[in-house]
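I opened this notebook page to record what I looked up in the model, one topic at a time.

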Amino acid sequence: MILYKYYGYDAGIKALESRNLGFRRPINFNDPFELSFLSNSEGPHSKQSELKSILDKLRKTVAVLSLTRTPFHPLMWAHYGQEHMGFVIGYDVSDSFLSSEQYNLIPVSSGDVVYTSTKSPHILNPNMMQRIKDIFLSGMGELKRIEDAETLSLTRKIFLTKHASWVYEEEVRVVKILDSLFEESSSFQSDCRRSFYELTQYNSSGQLIELIPGLSIFNFKVPIKEVYLGLRNPMTEIPENLHRCEDTTFYKFEMDDRSWELKPTVIQG
């Protein structure tokens, strides 16, 4: 299966050269409502405080990859493709890096975002709190905590529910844990499907800072099947160093004068 990610020009070039995917912590997303599916909950103050604490920690400790089902959406190009100057890259998402429950809190096959205009009320009874605690422990590295169907369903609702205004994105997510409280970090990171790096530099005070807060770039090389150049993308031919895979097809978008559609044309190598 191929899913897509929109990039600005410079970020797209780097993504093509590296074939790495960047995940971001929800605390750094542009939507402050992330992981707020349970905010309309009723229960004792102590349970409300515990719920808030758990969700605040999960926003900082898990990482989310946002993909989409279409490379053709003009709004997505305007918002995420640097006003049509960038790229859309189509990734083969079949490898266990994205598809396996061994490596993902939510694998790609379960990552379809659900869009809603309302928040259902929830009662923080003992069963609900136990499920929430199991989800928290899974987010801390104990992935096998989520076993029953109801906890699995709640996990997906927490991480995959967004307001209906975002429906045009047709988003599919993969949710990963960045580290484990139940395993040495060096051992956890030794697996090529778990290791990642961050973009950092030292500031004038000698402090190491993140250049893109919350971004974790995983080292695993993901196969690229399709690349789309935006209408305003300045690239006129494919550089030799981007011809990494013979089965990658490059397209250049043009405007269809007879409609509002984007029309792709294959770029010959």
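The entries below go through helix packing, the nonpolar cores, the first helix and a few loop residues.

**Entry 1, helix 5 against helix 6.** I began by noting that the model is a predicted one. I then looked up how helix 5 (residues 126-139) packs on helix 6 (residues 149-160), and found an angle of about 70 degrees with the axes 10 Å apart. Since angles from 65 to 115 degrees count as roughly perpendicular, I wrote this pair down as roughly perpendicular to each other, and I recorded the crossing as right-handed. On the helix 5 side I listed Met128, Arg131, Ile132, Asp134 and Ile135, which meet Glu150, Thr151, Leu154, Thr155, Ile158 and Phe159 of helix 6. Sorted by character, the residues of this contact come to six nonpolar, two polar and three charged.

**Entry 2, helix 2 against helix 5.** How do the axes of helix 2 and helix 5 cross? For helix 2 (residues 45-61) and helix 5, I found that the axes come within 10 Å and cross at roughly 25 degrees. Angles under 35 degrees count as roughly parallel, so I entered helix 2 and helix 5 as roughly parallel to each other, with a left-handed crossing. Helix 2 brings Lys47, Glu50, Leu51, Ile54, Lys57, Leu58 and Thr61 to the contact, and helix 5 brings Met129, Ile132, Lys133, Ile135, Phe136 and Gly139. I noted seven nonpolar, two polar and four charged residues in the contact of helix 2 with helix 5.

**Entry 3, the nonpolar cores.** I next asked which residues of the largest nonpolar core touch the most other members. Among its 30 residues these are Leu21, Phe23, Tyr91 and Leu98. The elements that each supply at least two residues of this core are strand 1 (2-7), helix 1 (9-18), strand 4 (62-68), strand 5, helix 4 (96-99), strand 9 and strand 14 (224-229). I followed Leu21 further and, setting aside neighbours within four places in sequence, found it in contact with Lys5, Tyr7, Leu65, Tyr91, Leu98, Ser216, Ile217, Phe218 and Val222. I also entered a second, separate core of 28 residues, which includes Met140, Leu143, Ile177 and Phe188.

**Entry 4, helix 1.** I checked which residues of helix 1 are buried, and listed Gly12, Ile13, Ala15, Leu16 and Ser18. Their cover includes strand 1, strand 5 and strand 14. Arg19 follows helix 1 and has a positive phi, near 60 degrees.

**Entry 5, loop residues.** I looked for positive phi values elsewhere and came to His84, which is not a glycine yet has a positive phi of about 75 degrees. His84 sits in the loop between helix 3 (74-80) and strand 5 (87-92). Is His84 buried or exposed? Its relative accessible area is 13%, so His84 is buried, the limit for that class being under 20%.

Glu170, also a residue other than glycine, has a positive phi near 50 degrees, and I placed Glu170 in the loop between strand 8 (161-163) and strand 9 (171-177). With a relative accessible area of 37%, Glu170 is partly exposed. Ser165 has its place in the loop between strand 8 and strand 9, and with a relative accessible area of 47% Ser165 is partly exposed. Finally I noted that the C-alpha atoms of Ser165 and Tyr115 are separated by 7.9 Å, while these residues are 50 residues apart along the chain.

Note on methods:
Residues numbered from 1 in each chain as written. Predicted model: local features only at pLDDT ≥ 70, side-chain atom pairs only at ≥ 80, totals over all residues. Heavy atoms only, no water. Buried < 20%, exposed > 50% of the residue type's maximum accessible area, 1.4 Å probe, protein only. Axes fitted to C-alpha atoms, helices over the stretch in contact; angles between N-to-C directions. Parallel < 35°, antiparallel > 145°, perpendicular 65-115°, else oblique. Left-handed = near helix turned anticlockwise from the far one by under 90°. Contact = heavy atoms within 4.5 Å. Nonpolar A, V, L, I, M, F, W, Y, C, P; charged D, E, K, R; others polar. Core = buried A, V, L, I, M, F, W, Y, C linked by side-chain atoms within 4.5 Å.
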